[in-house]
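Biologist: Could you take me through the surroundings of the ligand in this model, residue by residue where that helps? I would like the cut-offs stated as you go.

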Amino acid sequence: TTFAPIFDASLHDAPILDLSVAGNDAPDDPILLDKAQLFQRIEERTPYGEAALGRYGEPRLIYTDAGFFAGTHPASGRRTIHLGIDVFLPALTPVHAPLPGRVYSVAATPEDLGYGGVLVLRHETDCGVVFFSLYGHLAHEVTTRHRVGDPVQAGDVIALLGGEAENGGWPPHLHLQLGLFEADGPDWPGVADPDQWAVWRERSPDPAPMLGLPPGHARAPEAQRHALARRRATSSPRNLTLSYDVPLVIEKGWKSLLFDECGRTFLDAYNNVPHVGHAHPRVTDAVSRQIARVNTNTRYLQSIHESYVEALTSRLPDGLDVAFLVTSGSEGNDLALRLAQAATGARDTIILENGYHGHTCTTVDLSHYKFDGPGGAGQRNWVHVATAPMPEPTGWHPDHASHYAQSVTERLEDIAACGRKPACFVAETFPSVGGQVVPPPGYLKAVYAGVRAAGGLCIADEVQTGLGRLGVCAWGFETQDVTPDIVVLGKPLGNGYPLGAVVTTRAIADEFATGMEFFSTFGGSSAACAAGLAVLHVLDAEGLALNAETVGVHLLAGLRHLQSTTPTIRDVRGMGLFIGVEIADRNGAPSRHHARHVVERLRGRHILIGTDGPHDNVLKIRPPLCFSKDDADFLLDALTEIFNDRLMQEGR
Ligand code: PMP
């Protein structure tokens, strides 16, 4: 079929814009369209008067009016896939009919981000197949040009492009869409839910030929998931694992939200690294400006390094005022162990069952969860494992602190029996891999006293718990009323920029200065310090520790209410935004199977959480600290629906 040109301008060489999820790296809010930025992005590619094209089948996050969302929470579902082709041209450019037809509907819609003026033509092929073409974002005068049923000839001027004031508030353009279905213009969706794309691409095929362009000329690439999975399988190790039965292709983050390649919006209730929120503009800006200026190492004096170390140590108890900056929790724990060994001249180390401290040679040896798990090489003779506190649904008994501390005392006795003294006790202040455990009050006080009396140092791995996650207590050890000798920090410090820290006393740091230089090439780089300072600034400016406290209380109350009606929820525990929900089967036994089921069902509801614990049956909820009350309610609603399912109720 040949078509009359819709525009006088040639479209063959028109630039094709990328308005996809992955195509925009500006720090914009994907829930609230930054129109000025969108106009600028389009204008940059379209010299005045010349055409540009927007792609068919493209996933976009620019549709932010309530009508594009399935519910009030952004992760409730949203339409993102563009079902037409855009032709960007100046307002009032005439639009011609590409083929004969009759006016099926004509309207002027007033909504922001709607069609504005919109015309639908009905066509019929020689053999009687009926189809429709839609022209959106027109000047409102289109309603005076036509009456429903009027015939239109190929080449007729059928409308003018609308300006921003009458086209739904968009940069001037035509939205051209084909329809193999019957619908009135304003009710004709121009954008589809990614989960319905397979249906919509049949109902609204690629309209490129109607613009005189070859099919596929302005079509967005297909989703990458399968291709990426194949590439992963070819060039990455097998134990570099992916979450979920159907892995996610994540292209964007914003606050507590993640967006996949198709624009599906997920609530991130689980990733603790983006401590102050995904893609925080303040952190992004601080890091990129620093990198643009210089990103060098600790062998030079730089005010940003001193400022960061001072800011960080000022948040820790007096005495903990020397900081080594590193790049990860693993590197931090490795270094902490070296410090303890240098300061004590000893090697024996007491750790907790089911603990995790990192993936390096030494930190795997410190991680019971790793060396005693699949593929583990077993326990080294200098490592001593104490029983970790494991909560009961009935809560802590007053004797629990001394009961569990006794296990550390026994390990100290084992070391003494060999005629040695301990170097240190290393523990996650709140066991995380061990099942999101809040230890019994008084536990660490008893443990630290025993370790110190035996000549050892106390190392707090605060990689999971530090910097406000627990609410108004900045650190886990604070809740236990103890001060460690060495604190290890990682994940949250740089909001995703690799930054860890080992903070200790001047005396211990001096013992470590044995003549061998301490140098970590990337540790404490200028950009890492910029990230760290920005995180501290945002934490304070946005009151995120208080938010963790209030949202945490609200979420825990909601989860406990759910527990009261759900036999398969064995325990709900946590503090701030460090929360665990322990799942059992109908016999009350820990159930990994049911926990996995909940995680997969939540993914289906666009919520991301993980599992942990010795039986992998504890749902771990530890979102970015900007997680809101609405986010918590969205999660609670989904969990309520999942647990009300009969199979989950009965634990079958
Ligand atoms: N300690 C704890 C408690 C952790 O949770 C982790 C990471 N999950 C680490 C140490 C290791 O940190 P990294 O992955 O940054 O090396």
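Modeller: What follows is a close look at the ligand and the residues around it. This is a predicted model, in which local features need pLDDT of at least 70 and side-chain atom pairs count only at pLDDT 80 or more, while totals for chains, interfaces and linings use all residues. Residues are numbered from 1 along each chain as its sequence is written, and side-chain values use heavy atoms, with hydrogens and water left out.

Counting a residue as near the ligand if one of its heavy atoms lies within 4 Å of it, the shell consists of S328, G329, S330, N333, Y356, H357, G358, E428, D461, V463, Q464 and K491. By class, this shell has 2 nonpolar, 7 polar and 3 charged residues, where Ala, Val, Leu, Ile, Met, Phe, Trp, Tyr, Cys and Pro count as nonpolar, Asp, Glu, Lys and Arg as charged, and the others, Gly among them, as polar. Helix α7, residues 329–344, supplies the largest share of the shell, with 3 residues; helices here are DSSP runs of H or I with at least four residues, numbered from the N terminus.

Among the polar contacts, meaning pairs of N or O atoms within 3.5 Å, an oxygen atom of the ligand is 2.7 Å from an N or O atom in the side chain of Q464, and a nitrogen atom of the ligand is 2.9 Å from an N or O atom in the side chain of K491. At Y356, a polar backbone atom is 3.4 Å from a nitrogen atom of the ligand. The protein covers 84% of the 390 Å² of accessible area that the ligand has on its own, with areas computed by the Shrake-Rupley method with a 1.4 Å probe.

How values were computed. Polar contact = N/O pair within 3.5 Å; in protein donor to acceptor, adjacent residues only side chain to side chain. Helix = DSSP H or I, 4+ residues; strand = E, 2+ residues; numbered from the N terminus.
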